[in-house]
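Have a look at the chain below and keep the viewer open while you read. We'll go from one helix to the sheets, then to a few backbone oddities.

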Amino acid sequence: MLTKKTWLTMFSSVMLSAVLLAGCGGGAATSNSATGTGPATSSGASGEKTSFNFYFTGSQNVKDLWDTLVPMFEEQNKEVDVNMVYIPSGTGAEPTYDRILAAKQAGKGSGDIDLYEDGINFVNQGTKDGVWEQLSKDAIPNLANVKEQTMQDVDSYAIPYRSSAVVLAYDSTKVTNPPTTLDELLTWIKANPGQFAYNDPSTGGSGSSFVQTVIYKDLPEEDIHNSDPAVMQKWDSGFATLKDLGQYVYGDGIYPKKNQGTLDLLMNSEVSIIPAWSDMVLQQLNEGLLPDTVKMQQITPGFNGGPTYLMVNKESDKKEAINQFLDFVLSPEAQAVVVDKMNGFPGIELGKMPQETQEKFTGVAEGFRTFNIGDLSTEINKRWQNEVAAQ
């Protein structure tokens, strides 16, 4: 890692909140207290590097990913300097977005945050607030490698540079013929009481994916890309199914907390099948935390997945350099690193990747779907708590 890079520690995350409270009027001195060495700047002198600030959050593997990709990019593009600012998972990304929005509202430019990584909630919020730049293939040619529907879901205001799907993870010593469709899975759950578990959907995406997939099972395909509250009127049948399943799931209606909660049950042979994030299963298999008898399979219709996005601050004056970086991130070369470091799906279409990479996801990637229902996911969680968990 180059020593010129700036990294936020737990302490600096607290300082970032202080920056937000101080507002955007503090100028460069305020930004220096947040990043430790100050924002990246661009000199107008010919031949000097263009620097931009890239804020991202996540676990150690996310940091390891960018520790690898950024030097690769800079080696190939010596005129660009990517100043990374890492916010460790659990320390709160909200102040970063708030700082971007506050800077825009105060007419203070980008707030020294040029490129930002986060999930769909911040993509949607930033699109509503008008803080993200709409991206194009003219500026970023490798956007052509991304599935068209995925870009349409975010109206091209963000790039899904990596992704993970929810799949069925199962104990192959107990389940020799796992369900291949959602209907088969629902039948299996009833025929094997107590051997299936999914986590509280408000505590983790794998449980949320199972709940949403059941609710939208008989709805038109376009509804999984629709955030109109009118869709809520179509949910009754799906919730009735979830309520009925309560007596057949683990513990006669016990819903573990977080994605890891159900993985722990599978690991300890307390259940035989769970919905789980593919990258978590792959990572824990690689680390020997899960036995090699645990296998994965996607069903039809497929569980939804969760891309992680890169968003360009509309107020940034470094867009040419940022677009150059984003084009690199969407190259097959960079995406191979994403797959290796994150154990997840590439952000670009799997068919654009080398055959070896495509084979790694055989049986898992088929049928992978992306849901984009906006704030309706919150409404689903509320209703699930009232009608399913409380029964």
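Which residues of α15 are buried?

## The helix α15

This is a predicted model, so keep that in mind throughout. In it, the buried residues of α15 are Leu 376, Ser 377, Ile 380, Asn 381, Arg 383, Trp 384 and Val 388. An α-helix has 3.6 residues a turn, so residues three or four places apart point the same way. Among the elements that cover the buried residues of α15 are α8 (205-215) and α9 (236-245).

As for its shape, α15 takes in residues 376-389, 14 in total, and spans 18 Å between its first and last C-alpha. That is close to the 20 Å you'd expect at 1.5 Å a residue. The helix isn't perfectly straight, though: α15 bends by about 25° at Arg 383, and Arg 383 is also one of the buried residues.

## The whole chain

Stepping back, the protein chain has 15 helices and 11 strands. It is 391 residues long, and 52% of those count as buried. Take the contacts with a separation of 6 or more: 76% of them link residues 24 or more positions apart.

On the outside, the chain exposes about 16,500 Å². Carbon and sulfur atoms supply 48% of that area.

## A three-stranded sheet

Now find the open sheet made of three strands, in the order β6-β5-β7, with antiparallel pairing. Why does each of β6 and β7 have one side without a neighbour in the sheet? β6 (273-277) and β7 (294-297) stand at the edges and each has a single partner strand, so one side of each is left free of a neighbour there. On average, neighbouring strands of this sheet are turned by 40° against each other, ignoring direction.

Helices sit against this sheet as well. α8 packs on it and touches β5 and β6, with its direction at about 115° to that of β6; α8 is also part of what covers the buried residues of α15. Helix α11 (residues 278-286) lies across β5, β6 and β7 and runs at about 100° to β6.

## The strand in the middle

How many residues of β5 are buried? Six of its six, so to speak of it as mostly covered is fair. Val 166, Leu 168 and Tyr 170 point one way, while Val 167, Ala 169 and Asp 171 point the other, and all are buried.

Strand β5 (residues 166-171) is joined to β7 by four bridges, running antiparallel. Here Ala 169 has Met 296 of β7 as its bridge partner, and Leu 168 has Gln 297 of β7. Towards β6 there are five bridges, again antiparallel, and Val 167 stands opposite Ala 276 in β6.

## Around β9

Strand β9 (residues 308-312) is another mostly covered one, with five of its five residues buried. Both of its faces are covered: Thr 308, Leu 310 and Val 312 are buried on one side, Tyr 309 and Met 311 on the other.

Which strands pair with β9? Strand β3 (residues 115-118) does so over four bridges in the antiparallel sense, and Tyr 116 has Met 311 of β9 as its bridge partner. Strand β4 (residues 159-163) is joined to β9 by three bridges, also antiparallel. In that pairing, Arg 162 is matched with Thr 308 of β9.

## Backbone oddities

Where is the cis peptide bond from Thr 300 to Pro 301? Pro 301 is placed in the loop between β7 and β8 (304-305), and omega of the bond is near -5°.

Two residues other than glycine have a positive phi. Lys 258 comes in at about 70° and lies in helix α10 (residues 258-267). Is Lys 258 buried or exposed? Its relative accessibility is 55%, and exposed means over 50%, so Lys 258 counts as exposed.

Ser 269 has its phi near 60° and is placed in the loop between α10 and β6. With 40% relative accessibility, Ser 269 falls between the 20% and 50% cut-offs, so it counts as partly exposed.

Note on methods:
Residues are numbered from 1 along each chain as its sequence is written. This is a predicted model: local features need pLDDT of at least 70, side-chain atom pairs count only at pLDDT 80 or more; totals for chains, interfaces and linings use all residues. Side-chain values use heavy atoms; hydrogens and water are left out. Helices (H or I, at least four residues) and strands (E, at least two) are DSSP runs, numbered from the N terminus. The expected span of a helix is 1.5 Å times one less than its number of residues. The bend at a residue is the angle between axes fitted to the seven residues ending there and the seven starting there. Buried means under 20% relative accessible area, exposed over 50%, partly exposed in between (1.4 Å probe, protein chains only). Contact means heavy atoms within 4.5 Å. Two strands pair if DSSP finds at least two bridges between them. Axes are lines fitted to C-alpha atoms, for helices over the stretch in contact, and angles run from 0 to 180 degrees between N-to-C directions. Accessible areas come from the Shrake-Rupley method with a 1.4 Å probe; for residues, only the protein chains shown count as cover.
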